[in-house]
Structure formats: C-alpha cells, structure tokens
Amino acid sequence: MPYRDDGVDAPDGRHTLFADPAATFPAPGYNCSGFLVTASRALLRRPLPLDAVKRDRKGDSGPGSRQGEDWDFGYDLILNVSEGLPRRILITGAPLPDPANIDAAKTRGFPLHDAAAWKEALSRLRPGEMALAALSKDVKGRLLYYHVALVVRDPSGRVFFHHATPGTGVHRLEISAPAGMAALGKEFAEKRFGDKWVLLVAVPLP
C-alpha cells in the first residue's frame, strides 16, 4: 500500500488522517504510525480510536515541550496501542518493569545496527506474540522517537519487520535472514541524522 503523510484508518474502516479524522480518502495510504495502528487493530482485534492512540501519556510532548513537540510520539503510540495488555521489553539482561513505568529518555532498547542485540531480542519473542517497535535518534542533543513498526513471526518461524516509509510505502523485511537485516540497516543508515536505537515491546496475539 502507498505512503500517505499522516495517513491512517479510522475504527470504522475509513481512510483518513490523524490530524483531520473527518477527512476521507477513496483508497488506503499510511505513514508509519498509521500503518502500525491500522495493522494492530486487525492483529490485536482492538478498536484503537485515534484520540486514544495519540494520547500524550505524560503530558511532556505538547507544543511547549522542552524537548520539542511530539518528541516521544512513537513511544507513546506503541504503549497506547498495547494499553491493558501484558507486555515486555525485549532486551538483553534482567527483566524490566512494565514499559509504561520507564523513562523513555533513558530506556531506548538497543542500537538498531547491533546484530547480536537483535538476535538476542528476537530469541525472547515467544510463540503467539508480536512486537511493537519504536525507533529513536539523537539529533543535535534532541531525542526523537521518529519511526514505528511491527515485528511478526510467521508460522514457519521467519520474522518480519513491517513498516511504511515515504519512498517505498508499506513493506516488510525478513529480519531473521541476513539479507533482510542488511536491508534494514541500509534503510536506516547508521550515522545519518544521529545514531538510532530500537525499543521492542512484545504483546500477546489473541
């Protein structure tokens, strides 16, 4: 499906926009957030109203935020989508508390280009779970959660990173295969616009 800036589906199935839920388009189109919400609505069988998924959970990313407006939008989004579900951060080391109780500025997951960290994180994804991913980067001292994606394992055991980007639209990369992981690294160049980290939050599928 094509990329549409701010594009998302409403719970009633209309193709619309986050900023203008009254807008209606004849065909689908999604940005990364819109794809994650729309796909999660189907996978998790949840209504996911747009106002609820956009909620600024800690009231710290409004227009006057010290860190910049919407700096943690991607982090808030994956927690709002998974609200009320049992969830775990997929990361090396001791189990962490509920993702809702951590500091998004300090707990960012692991470096996006760390192949060993990916292998460890994906080994912790249990059968019957998917993971919501929030990517962050530090740009000139400003932390920004700027991209989101879904990580899903198919019945044969292959793991895919599903997301939407302006150049390609909605697509997936098989990150359980070296070629897919290499493609992911290429899509998010390591030193362009700051080092990148990924936070993976696992949730059960119904």
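Visitor: Is Asp-12 buried or exposed?
Guide: This is a predicted model, where local features need pLDDT of at least 70, side-chain atom pairs count only at pLDDT 80 or more, and totals for chains, interfaces and linings use all residues. Residues are numbered from 1 along each chain as its sequence is written, and side-chain values use heavy atoms, with hydrogens and water left out. Buried means under 20% relative accessible area, exposed over 50%, and partly exposed in between (1.4 Å probe, protein chains only). At a relative accessible area of 55%, Asp-12 is exposed.

Visitor: Which residue forms a salt bridge with Asp-12?
Guide: A salt bridge here is a side-chain nitrogen of Lys or Arg within 4 Å of a carboxyl oxygen of Asp or Glu. The closest N and O atoms of this pair are 3.1 Å apart. The partner is partly exposed, at 27% relative accessibility. That partner is Arg-14.

Visitor: How many residues apart in sequence are the parts that Glu-129 and Arg-88 tie together?
Guide: These two form a salt bridge, with their closest N and O atoms 2.6 Å apart. Glu-129 is buried at 11%, while Arg-88 is partly exposed at 22%. Strands are DSSP E runs of at least two residues, and helices are H or I runs of at least four, numbered from the N terminus. Glu-129 lies in strand β5 and Arg-88 in strand β3 (residues 88-89), so the parts tied together are apart in sequence by 41 residues.

Visitor: What is the N to O distance between Glu-120 and Arg-124?
Guide: Glu-120 is partly exposed at 27%. Arg-124 is partly exposed at 28%. Their side chains meet in a salt bridge, N to O, at 2.8 Å.

Visitor: How many salt bridges does the count come to?
Guide: Asp-154, Arg-158 and Glu-174 are linked in a network of salt bridges. By the rule used here, the count comes to 6.

Visitor: Which element gives the largest share of the largest nonpolar core?
Guide: A nonpolar core is a set of buried Ala, Val, Leu, Ile, Met, Phe, Trp, Tyr and Cys residues joined through side-chain atoms within 4.5 Å. The largest has 35 residues, and Leu-36, Val-37 and Leu-150 are among those with the most contacts inside it. Elements giving two or more residues include α3 (73-81), β5 (129-139) and β6 (142-153). The largest share, 6 residues, comes from α1.

Visitor: How many residues are in the other core, the one with Leu-112?
Guide: This core lies apart from the largest one. Its members include Leu-125, Met-181 and Phe-188. The count is 23 residues.
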